[in-house]
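Welcome! Let's walk through this structure together, one part at a time.

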Protein chains: 2
Amino acid sequence: MPTHAALINIDTPAALIERPRMQRNIARMQARMNALGVRFRPHAKTAKCTAVTRAQVAAGAQGITVSTLKEAEQFFADGVTDILYAVGMVPHKLPQALALRRKGCDLKIITDNAAAATAIAEFGRAQGEVFDVLIEVDTDGHRSGIKPDEAALITVGRALHDGGMRLAGVMTHAGGSYDLNTPDALTALAEQERAGCVRAAERLRAEGLPCAVVSVGSTPTALSARSLEGVTEVRAGVYVFFDLVMHNVGVCSTDDIALSVLTTVIGHQADKGWAIVDAGWMAMSRDRGTQKQPRDYGYGQVCDVNGNVLDGYVLTGANQEHGILSRADGQLQSDVDIAQRFPVGMQLRILPNHACATGAQYGEYHAVEDGVVKETWARFGGW
Amino acid sequence: MPTHAALINIDTPAALIERPRMQRNIARMQARMNALGVRFRPHAKTAKCTAVTRAQVAAGAQGITVSTLKEAEQFFADGVTDILYAVGMVPHKLPQALALRRKGCDLKIITDNAAAATAIAEFGRAQGEVFDVLIEVDTDGHRSGIKPDEAALITVGRALHDGGMRLAGVMTHAGGSYDLNTPDALTALAEQERAGCVRAAERLRAEGLPCAVVSVGSTPTALSARSLEGVTEVRAGVYVFFDLVMHNVGVCSTDDIALSVLTTVIGHQADKGWAIVDAGWMAMSRDRGTQKQPRDYGYGQVCDVNGNVLDGYVLTGANQEHGILSRADGQLQSDVDIAQRFPVGMQLRILPNHACATGAQYGEYHAVEDGVVKETWARFGGW
């Protein structure tokens, strides 16, 4: 793994992290959470990289969030003990969760239904384990969770508490924020997320059930909330790198995007205004998250090798190992000097639509500063 | 890695290969190529798995195609020597290609432009290596290559031949076939692919340049060609697993699809007719290749755990580790018994839109027969 190597010596395609941008993103979010008076629990699913999580913890994060038990195992092995597994628990994953807790991991799990809550309680009692369980609350209708005023909230709370588990609190994720793009709409959804989760906590407490933790978050709502009254912790993931989807949502500039893909021009179709690069969808992911947003970046925004945006040029198409670079305003516009502008062998960087998806295509990141690879960081995947 | 395990003991999400289907797909394609009198060189990029490639070679494949030099290295290490790297060569990858050849790998490379051809010849002469090079021909306008009648074909041929390299032949890939869906259109494109590539070969030979290999192929055209006169070899990749895109193109039935994702139901939103499963886009990939086809399967077709299609149910949405299972005809249709139909903990299989993209999300495949995991096969990724 090359370190202190100039980018010209890096095989392409490769995933680059512009380290000063990442550090700035981490500092910005942590400062905001400190100012709002809440704990911050970053979501490690974006990077799946111990070096990134260490930087978040060093900046003040308290515990992490994960999307798979493999992430929990990997980060626990790296010394993180306070871990929230933020995907609904199912019976057959309980032995794996138990094994982590038996090793000393303070693993918290979640559920949004009585069937799973009952299974958790039965398994816990059978194994002599008191699981810490949060109830998932649905505050924006986009995915999982119990609505704050549903009867099921109390049923599930009772199944856990009366079943001998530790009802640790409530959590929600307003992922619907990814579909917005105005400050007012984001602020309103952040308040809806806060209010709904606090409401759920109050209902549980009114029934005499414990509910210490009130956990909310998504990158857009975390950066848009005006008040977090009643909230004890916030979670966010993609803010660490940002991406073009977040840029369209309106919570970062392209200069904040810390993850990019280093690629090389391999050919042209000059009559179509195309340069062909060696970053196809395997390098960028198939994520087309900007397709329905105000500005469609195709498979990514083209930058020069130093990361300066080349406005108007995007990856308009992608095969497995081929990207088609052309003007964003259509393949029909001839750009006859394309082969002179982007000669064979030229390196470029591509900003991704969705950092979580693009990062997942790589086994390592090159941490870059001043155009030089300072360190190479392993990234894990799978389940 | 569990073997001879029932599926109920497999952690989800997981990639399953229904081995009898894969063997049937391999036999079908090989028999067709034998009948048409051409060599068959499967594309290993779909599976990136030595067990799969071995099965193809055992059935009669002669050499393989790869999309990255890492694939070349991995399959060469497993004993395959005749390898075509079917992505345009660029100067900085030449040392890696040279290293493979020096170890005894019969690696063939390709180019479609004079800049790269000149760089290959200069590097080859400087290193005392005669590279085998094919010229990439564009027969359908979908990506890279020189059109059969362009002057550049001869320029590039001369740069290679007169530059001391071995001009091995011409190759093309009619990837535009993925956009078709009638037998007549597929047959016509297969003929266009054949005729264009043969035409390019004839032009080179008329100039006194060697051109022994005439290599064509994509899964749809390989399965639709009526004549391959003048062609010496065919390449195809996704046929080994097939997928929903290929089903929509019309070259396989859903019963031929050998790759699926094993998943578990983790919750519901009964008022919306949703079941939530633990296969999100990380498990399925972000590929939405059926979106523009006659039938849109969302993020995948839902099957029971034995692989029987549950007609009308697809993954209509996907977050990183959450899939939303509902009726394909819209999230608004309430399916109030969804929680009884798909209870928490139930296992299902999901057929993928695009096998190459879904496979790439996994480090291993479970080879299944009669509902039992017979073997677990490693899959590699990266570059």
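To find your way around, start with the names of the elements: helices (H or I, at least four residues) and strands (E, at least two) are DSSP runs, numbered from the N terminus. Residues are numbered from 1 along each chain as its sequence is written, and chains are lettered from A and ligands numbered from 1 in the order in which they are written. Please keep in mind that this is a predicted model, in which local features need pLDDT of at least 70 and side-chain atom pairs count only at pLDDT 80 or more, while totals for chains, interfaces and linings use all residues.

Let's begin with the sheet of chain A. Here 8 strands form an open sheet with parallel pairing, in the order 3-10-9-8-7-6-5-4; two strands pair if DSSP finds at least two bridges between them. At the edges are strand 3 (39-40) and strand 4 (64-66) of chain A, each of which pairs on one side only. Further in, strand 9 (residues 213-216) and strand 10 (residues 233-234) of chain A are parallel partners over 2 bridges, and A:Ser215 stands opposite A:Glu233 in strand 10.

Now turn to chain B and look at strand 7 (residues 132-137). Of its 6 residues, 5 are buried, a word used for a residue with 20 or more other C-beta atoms within 10 Å of its own (exposed means 12 or fewer, partly exposed in between; C-beta atoms are placed from the backbone). Strand 7 of chain B pairs in the parallel sense with strand 6 (residues 106-111) of chain B over 4 bridges, and B:Ile109 has B:Val133 as its bridge partner in strand 7. Between these two strands of chain B, the chain passes through helix 5 (residues 114-127) in a right-handed β-α-β crossover. Right-handed here means that, with the strands pointing away from the viewer, the path from the first strand over the helix to the second runs clockwise. Strand 7 of chain B also runs parallel to strand 8 (residues 166-172) of chain B, joined by 6 bridges; there, B:Val137 stands opposite B:Thr172. Together with helix 6 (residues 152-161) of chain B, strands 7 and 8 of chain B make a right-handed β-α-β unit.

A few backbone details deserve a stop. Most residues other than glycine have a negative phi, and most peptide bonds are trans. The peptide bond from B:Thr12 to B:Pro13, however, is cis, with omega near -5°, and B:Pro13 lies in the loop between strand 1 (5-6) and strand 2 (14-18) of chain B. B:Lys48 has a positive phi, near 45°. You will find B:Lys48 in the loop between strand 3 (39-40) and helix 2 (50-58) of chain B, where B:Lys48 is buried, with 25 other C-beta atoms within 10 Å.

Finally, how do the chains meet? In all, 42 residues of chain A are in contact with 42 residues of chain B, contact meaning that the C-beta atoms, placed from the backbone, lie within 7 Å. On chain A's side, the largest share, 4 residues, comes from strand 11 of chain A. Because 100% of the interface residues of chain A are also interface residues in chain B, the copies meet through the same surface. A turn of 180° and a shift of 0.0 Å along the axis lay chain A on chain B with an RMSD of 0.0 Å, and the two copies are thus related as by a two-fold rotation axis. That superposition is by least squares on the C-alpha atoms of residues with pLDDT of at least 70 in both copies.

Technical notes: Contact = placed C-beta atoms within 7 Å.
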